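Biologist: I'm new to reading protein models. Could you walk me through this one, feature by feature?

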Amino acid sequence: MNEVATENKNQKTEKEISRRKFMMKLSLSFAALSAAVAAIPVVSALLAPLLEQPPEKWRKVGMVGDFPLGTTKLVTFINADPKAYAGITAKSSAWLRHDDENNFIAFAVNCTHLGCPVRWEAKAELFMCPCHGGVYYKDGTVAAGPPPKPLTNYKVRIYKNEIQIQTKPLPITNITA
Amino acid sequence: MKKFFKNIWRWIDDRTGITELITPLLKHPAPPRALWSYVFGSATLFVFILQVITGIALSLLYQPSSSSAYQSLEFITNQAKFGNVLRGIHYYGASAMIILIGLHMMRTYITASYKFPREMNWISGVVLLIFTIFMGFTGQLLRWDSSGVWSSVVAAQQLGRVPFAGTWLAHLLLGGSTIGAQSLSRFYSYHVFIAPAGIFIFIGLHLYLVFRNGISEPPKAGRLVDPNTYRAWYKDYLKEKSVPFWPNAAWRDVIFSSVIIIVIILLATFLGAPALTGQPDPSVVHTSPTPDWYMVPFFALFALMPHKIESVAMMVGPLATIFLLFAIPFISNKGERSPLKRPWAMFGVLCVFVFIISLLVSGMKAPWSPDFKTKPLPLSAIKSPHPDSTIVAGVNLFYAKGCQYCHKINKYGGAAGPDLTIVGSRLSSSELTIRIVNGSNNMPAYGGILSKDELNKLVVFLASQK
């Protein structure tokens with residue numbers, strides 16, 4: 001008699017335990033599901049910058065006549081990805097060098113060390129960085145200081161006497177440099 | 001009337017249990033003879049609260065938008081009543097938090113309070129340190145002037161050194177592939193929501209651990225920490241000697257924190273917030289981005305470390321530092337706590353302290369940067385008493401060709417290269433020529449830049465400097 005009762009009780013407890021386990025699993029699965037679904041747009045907002053293909057656009061920066069042979073001048077343009085609410089931060093610039101008759105070179109203004117804006121010292125014919133003393137020659141190669149690689153180039157094309165440069169993402173120096 | 005309010009309070013207190021909750025926390029037993037050196041942690045907390053409050057006040061006036069944040073900063077600084085003081089408090093508050101959290105950490109290390117059972121106190125503290133530095137950095141970006149814009153580029157470049165994911169991380173930080181509309185929205189979110197949420201969570205944990213594990217007793221040489229017996233010993237110790245945290249131990253914390261906050265407000269009132277450095281226009285290149293002082297040691301390190309290893313060091317350095325900080329309580333969690341018995345540990349603290357301060361000092365001077373503001377060298381400052389036309393031409397070239405940005409002659413010029421005031425007595429004309437034409441490790445080769453005639457004039461001038 002007693003044995004049967006114990007067995008019954010055990011069966012009951014087992015049933016209760018499996019019921020509890022089921023409730024736990026069920027509720028936690030629902031919680032996980034709701035969290036996962038909510039996470040999709042959240043993570044997408046977080047990763048938004050990686051989900052867009054960085055656009056590259058041709059921008060007019062001046063006429064051939066504005067740039068005498070041998071000079072290097074700062075040109076400003078609107079960056080590749082201007083949002084309507086970017087205001088002044090949509091602006092970007094590059095150093096444009098009229099190298100020889102038909103050849104223009106455009107350099108990103110960002111030092112390849114840590115991205116500070118390099119300035120062209122016309123008489124010294126050097127680009128100099130104010131942050132950590134990086135110096136580049138007129139062809140963009142490193143002359144002194146910490147920069148690990150030459151200044152980044154933009155593509156340049158001439159269309160009906162109009163100089164256009166192809167915008168690019170901000171040049172980021174990687175560990176391999 | 002007084003009774004009426006008392007009754008209201010009694011009712012609220014009964015139904016909410018405020019006193020029940022707070023009293024044990026306030027009165028919890030603390031070791032006797034608490035020291036003045038124990039005040040830095042609580043001061044960090046109080047200054048953090050000041051930051052939260054002034055931050056909220058600033059958010060009432062600030063526009064978190066790439067296009068108009070700068071104008072709102074100008075409004076806060078120049079027009080809003082007490083706006084500049086408010087900005088100042090938030091700025092000096094940030095500075096104070098960084099100093100105080102640093103001192104708190106040093107004190108914890110010196111008295112080895114991170115040892116058993118307070119390892120997690122230390123670890124949560126390291127997380128708070130990282131958050132605090134992150135807040136300092138992002139806060140500087142929110143000023144969204146030209147330094148803010150370029151500092152964010154510098155940060156993106158540093159992230160760029162992370163292997164494989166570098167460019168992605170840089171774009172995540174900037175909110176896109178370039179500086180633009182989305183950059184400031186991100187920084188705002190990091191600074192105002194994400195990092196503060198983390199700080200609240202970890203301050204909660206940190207304080208909970210202080211109550212759970214108790215305030216560490218002032219160390220005594222020869223009294224060793226043994227994980228097997230420490231908890232029981234500490235319990236007995238408190239039973240015998242403890243004092244209630246409030247007010248016996250905490251009165252110092254309150255006084256010190258109040259003084260710090262008053263000093264912050266005085267600084268803000270009389271020195272004001274740091275000046276804005278111009279429009280956030282990424283196309284303006286004639287600007288010298290300078291980080292706020294607490295970032296200067298990092299900035300200096302990047303100039304001073306050997307260039308060859310830099311790309312790797314920029315990534316490995318911070319990771320190794322963070323790893324080491326987390327590892328400290330695992331490296332030694334028992335034994336001696338007294339600084340007198342841990343000479344190497346004290347030597348280490350001293351080294352770190354000297355290292356950071358030297359980087360800060362040299363970063364403030366930034367001798368590696370070209371001195372773009374140097375004035376042309378006057379003839380009265382050169383050695384030659386009656387310079388001929390060649391020397392005069394040399395003097396002019398010395399300025400025009402940028403030599404003077406990096407070299408000093410008689411106090412005129414930068415400090416990146418050697419002082420050339422008496423270079424003529426060190427180097428012969430032919431040695432000067434070789435150096436100028438070929439350059440060196442840290443000097444451009446001027447061979448392709450100077451004409452023969454210009455080179456000659458420069459050399460004649462420099463040779464006369466003896």
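Biologist: Let's begin with strands. In which sense do β10(A) and β11(A) pair, and over how many bridges?

Modeller: Keep in mind that this is a predicted model. To read a strand pair, check the direction first and then count the bridges. Here β10 (residues 156-159) of chain A and β11(A) run in the antiparallel sense, with 4 bridges. You can spot Val156(A) opposite Ile165(A) in β11(A).

Biologist: What sits between the two strands of that hairpin?

Modeller: There are 2 residues between β10(A) and β11(A), and Lys160(A) in this hairpin takes a positive phi near 50°. On top of that, β11(A), residues 162-166, pairs with β1(A), residues 58-63, in the antiparallel sense over 5 bridges. In that pairing, Trp58(A) has Gln166(A) of β11(A) as its bridge partner.

Biologist: On to helices. How far does α9 of chain B reach from its first C-alpha to its last?

Modeller: With a helix, compare its span with what you would expect at 1.5 Å a residue. Helix α9(B) covers residues 181-213, so 33 residues, and it reaches 47 Å, close to the expected 48 Å. There is a bend, though: about 40° at Tyr190(B). Just after the helix, Gly214(B) takes a positive phi of about 80°.

Biologist: Which residues of α9(B) are buried, and what covers them?

Modeller: Here's the general idea: an α-helix has 3.6 residues a turn, so residues three or four places apart point the same way. In α9(B), the buried residues include Leu184(B), Phe187(B), Tyr188(B), His191(B) and Val192(B), and further along Ile199(B), His206(B) and Val210(B). Their cover includes α3, α4, α6, α7 and α8 of chain B.

Biologist: Does α12(B) get a look too? Which of its residues are buried?

Modeller: Phe298(B), Phe299(B), Ala300(B), Phe302(B) and Ala303(B) are the buried ones. What covers them includes α13 and α14 of chain B.

Biologist: And the nonpolar core? How many residues does the largest one have?

Modeller: In soluble globular proteins, nonpolar side chains tend to be buried together. The largest nonpolar core here has 127 residues, and Ala94(A), Val47(B) and Ala156(B) have the most contacts inside it. Helix α5 (residues 83-110) of chain B gives the largest share of this core, 12 residues. Another core, of 5 residues, lies apart from it, and its members include Ala30(B), Ile215(B), Phe245(B) and Ala249(B).

Biologist: What does Val47(B) touch, leaving aside its neighbours within four places in sequence?

Modeller: Val47(B) is in contact with Gly93(B), Ala96(B), Met97(B), Leu100(B), Ile260(B) and Ile261(B).

Biologist: Now a loop residue. Why does Asp145(B) count as buried?

Modeller: Count the C-beta atoms around a residue: 20 or more others within 10 Å make it buried. Asp145(B) has 24, so it is buried. You'll find Asp145(B) in the loop between α6 and α7 of chain B. Tyr70(B) is 75 residues away in sequence, but its C-alpha is 6.1 Å from that of Asp145(B). Other contacts of Asp145(B) include Leu73(B), Leu276(B) and Pro280(B).

Biologist: Last one: how many residues of each chain are in contact with the other?

Modeller: For an interface, count each side, then look at who supplies it. Here 59 residues of chain B are in contact with 50 of chain A. The largest share of chain B's side, 7 residues, comes from α7(B). By class, that side has 27 nonpolar, 28 polar and 4 charged residues.

Definitions and conventions. Residues are numbered from 1 along each chain as its sequence is written. Chains are lettered from A and ligands numbered from 1 in the order in which they are written. This is a predicted model: local features need pLDDT of at least 70, side-chain atom pairs count only at pLDDT 80 or more; totals for chains, interfaces and linings use all residues. The expected span of a helix is 1.5 Å times one less than its number of residues. The bend at a residue is the angle between axes fitted to the seven residues ending there and the seven starting there. A residue is buried if 20 or more other C-beta atoms lie within 10 Å of its own, exposed if 12 or fewer, and partly exposed in between; C-beta atoms are placed from the backbone. Two residues are in contact if their C-beta atoms, placed from the backbone, lie within 7 Å. Two strands pair if DSSP finds at least two bridges between them. A nonpolar core is a set of buried Ala, Val, Leu, Ile, Met, Phe, Trp, Tyr and Cys residues joined through C-beta atoms within 7 Å. Ala, Val, Leu, Ile, Met, Phe, Trp, Tyr, Cys and Pro count as nonpolar, Asp, Glu, Lys and Arg as charged, and the others, Gly among them, as polar.
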